[in-house]
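Student: I would like to go through this model by asking, for each label, what makes it apply. Could you set each value against its definition before drawing a conclusion?

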Amino acid sequence: MEKIDGNISNGCIEYRDFPLYVNQVISIKGMIHRIREMTGFSFVIIRTARDVVQCVYSPDFSAYRMDERVVEGCAVKISGKVVKDETREDRFELQIHGIEVLSSPAEQMPIVINKKQLDNIPLDLNLNLRPVTLRNPKERAVFKIQEGIARGFREFLLSQGFTEIRTPKINAQGAEGGANIFKLDYFGKSVFLAQSPQFYKQMLVPIYERVFEVGPVFRAEHHDTSRHLNEYISMDFEMGFIDSFYDIMNMETGTLLYIMDLLQREYAPEVALLNVSLPQIDQIPVVKFMDAKEIITKKFKKKITDYRDFEPEEEQLLGKWAKQEFNSDFLFVTHYPSEKRPFYAMDDPADPTYTLSFDLLFRGIEITTGGQRIHDYHQQIAKMMARNMNPADFESYLMAHKYGMPPHGGLGLGLERITMHLLGFKNVRSASMFPRDINRVTP
Ligand code: AMO
């Protein structure tokens, strides 16, 4: 009888371990990324999970003879001798002793994916062909970086005593208000897709004190913009026993510092491939909403038409200002008007027309919203009533307040938004593996 013993070795070597095997015959598995015929020999470039490995075929190396079954797109196992690449410093290559074809493609690639970067194909075509275009090393590196961001978020918060939670995405109410909520028929009842894990993360504060979630959320964005998706990954945290909402901003600053350091340490190949300039974070400057409006008028001579929120252009000007004044890629803006913030936001006792809340701008675009929440039951009911909301519709959420909860607050950080601005993309779709927008639900 066969038994499974948990042995996960497949006898293959990773490219990063090649220096340990110089002049030895080893095996690798991967996809044939490119074949370049030269005079008297060929380069067979193999794409492994994270590397692109140069293998060289020449009849001089062994008795093996390459045949017509070996084509781009094949999955192969290659055995060969590890040697130093004489033409490229610190690189190694494999002199091919044998190729076992594990599977063959049915057709040729619809576009060229094996150049350094995709040849300026339109974004729409890139997205239509995602299963193919992601095979390009630069495209795939985007989502390795994204992995690093989400991983840094998790690792740092776990180290700070946070508990990771997973909350339902099918809900009886929306958390954020507004018109961008997806309605769903749920066995004859109307329910909604989660706009954020807001209610759940708050409910869990009296239990775990500090919680976080990295998960999908849904926004029915009716317009086709370069910074909105209909499904995106929200990185949320919520923490109890705060002294003020500055505790949340400090936790976010620590998280970002950790993320950038992790990218530098463990994602160096992708950082180099994509030529990413990782922001230096030392201290993040903070400005109040109304002061920011004044900077926009005084410094940039822009006429303000709306004192309740920022226009995208105003955020860009503030980004410019933070760079000029503080050499900072980040800027916290605090004390947003109460009118524009959700019902759970804590008003500033010094002036209740403003809230104890903040946004974080990264290179002139909002990537985070956060703030202190109302923890007192009566205060929360009063704010809901003032907004013509019916507390009875929020009974389970309000149990948290009714039965006692500590002063608390938290934030939501859009994973695609931060990826987009870190990598200098113009469109958030480029930072989403399989984006969902008003026109796109495939692939
Ligand atoms: P908010 O609605 O501002 O706040 O969202 C938080 C962050 O999520 C990102 N984001 C989006 N990314 C892509 N496409 C969208 N349509 C989209 N909408 C928002 C942005 C934004 O800063 N519950 C609060 C957070 C909190 O206070 O804890 C919330 O969801 O990066």
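Tutor: We begin with the element names: helices (H or I, at least four residues) and strands (E, at least two) are DSSP runs, numbered from the N terminus. The model is predicted, so local features need pLDDT of at least 70 and side-chain atom pairs count only at pLDDT 80 or more, whereas totals for chains, interfaces and linings use all residues. Residues are numbered from 1 along each chain as its sequence is written, and side-chain values use heavy atoms, with hydrogens and water left out.

Student: Where is glutamate 209 placed by those runs?

Tutor: Glutamate 209 falls in the loop between α5, which covers 205–208, and β10, which covers 210–218. The residue has a positive phi of about 70° although it is not a glycine.

Student: Why is glutamate 209 called partly exposed?

Tutor: Buried means under 20% relative accessible area and exposed over 50%, with partly exposed in between (1.4 Å probe, protein chains only). The relative accessibility of glutamate 209 is 41%, so the residue counts as partly exposed.

Student: What is the verdict for aspartate 90, buried or exposed?

Tutor: Aspartate 90 has a relative accessible area of 58% and is therefore exposed. Its place is the loop between β4 (75–84) and β5 (92–103), and its phi, near 60°, is again a positive value in a residue other than glycine. Arginine 88 belongs to the loop between β4 and β5 as well, but its relative accessible area is 35%, so arginine 88 is partly exposed.

Student: What makes β7, β9 and β8 an open sheet, and which strands stand at the edges?

Tutor: Two strands pair if DSSP finds at least two bridges between them. Between β7 and β9 (residues 189–193), which run antiparallel, there are 2 bridges, so these strands meet that criterion. In one of these bridges, isoleucine 170 has leucine 193 of β9 as its partner. The 3 strands follow the order β7-β9-β8 with antiparallel pairing. The edges are β7 (170–171) and β8 (183–186), each with a single partner strand, so one side of each has no neighbour in the sheet.

Student: Why is the pair of tyrosine 57 and tyrosine 64 called edge-to-face?

Tutor: Rings of Phe, Tyr and Trp (its six-membered ring) pair if their centres lie within 6.5 Å, and planes under 30 degrees apart count as stacked, over 60 as edge-to-face and the rest as tilted. The search of the whole structure finds 22 aromatic pairs. For tyrosine 57 and tyrosine 64, the centres are 6.0 Å apart and the planes make 85°, so the pair meets the distance limit and falls in the edge-to-face class. Tyrosine 57 is buried at a relative accessible area of 10%, and tyrosine 64, at 19%, also counts as buried.

Student: What makes phenylalanine 330 and phenylalanine 362 a stacked pair?

Tutor: Their ring centres are 4.5 Å apart, with 10° between the planes, so the angle is under the limit for stacking. This pair links distant parts of the chain, 32 residues apart, with phenylalanine 330 in β13 (residues 330–334) and phenylalanine 362 in β16 (residues 357–362). Both phenylalanine 330 and phenylalanine 362 are buried. Elsewhere, Phe199, Phe343, Tyr344, Phe394 and Tyr397 form one aromatic cluster.

Student: Why does arginine 341 count as lying over the face of tyrosine 336?

Tutor: A charge sits over a ring if NZ of Lys or CZ of Arg is within 6 Å of the ring centre and within 35 degrees of the ring normal. Arginine 341 lies over the face of tyrosine 336 at 4.1 Å from the ring centre, and lysine 293 lies over the face of tyrosine 307 at 6.0 Å.

Student: Which residues make polar contacts with the ligand?

Tutor: To the ligand, a polar contact is a pair of N or O atoms within 3.5 Å. A side-chain N or O atom of glutamate 366 is 2.5 Å from a ligand oxygen, a backbone N or O atom of isoleucine 367 is 2.8 Å from a ligand oxygen, and one of glycine 412 is 3.3 Å from a ligand oxygen. The ligand exposes 630 Å² when taken alone, and the protein buries 93% of that (Shrake-Rupley areas, 1.4 Å probe).

Student: Which element gives the most to the shell around the ligand?

Tutor: β17 does, with 5 residues; α4 (198–203), β17 (365–372) and β18 (408–414) each supply at least two.

Methods:
A polar contact is a pair of N or O atoms within 3.5 Å; within protein, one must be able to donate a hydrogen and the other to accept it, and residues adjacent in sequence count only if both atoms are side-chain atoms.
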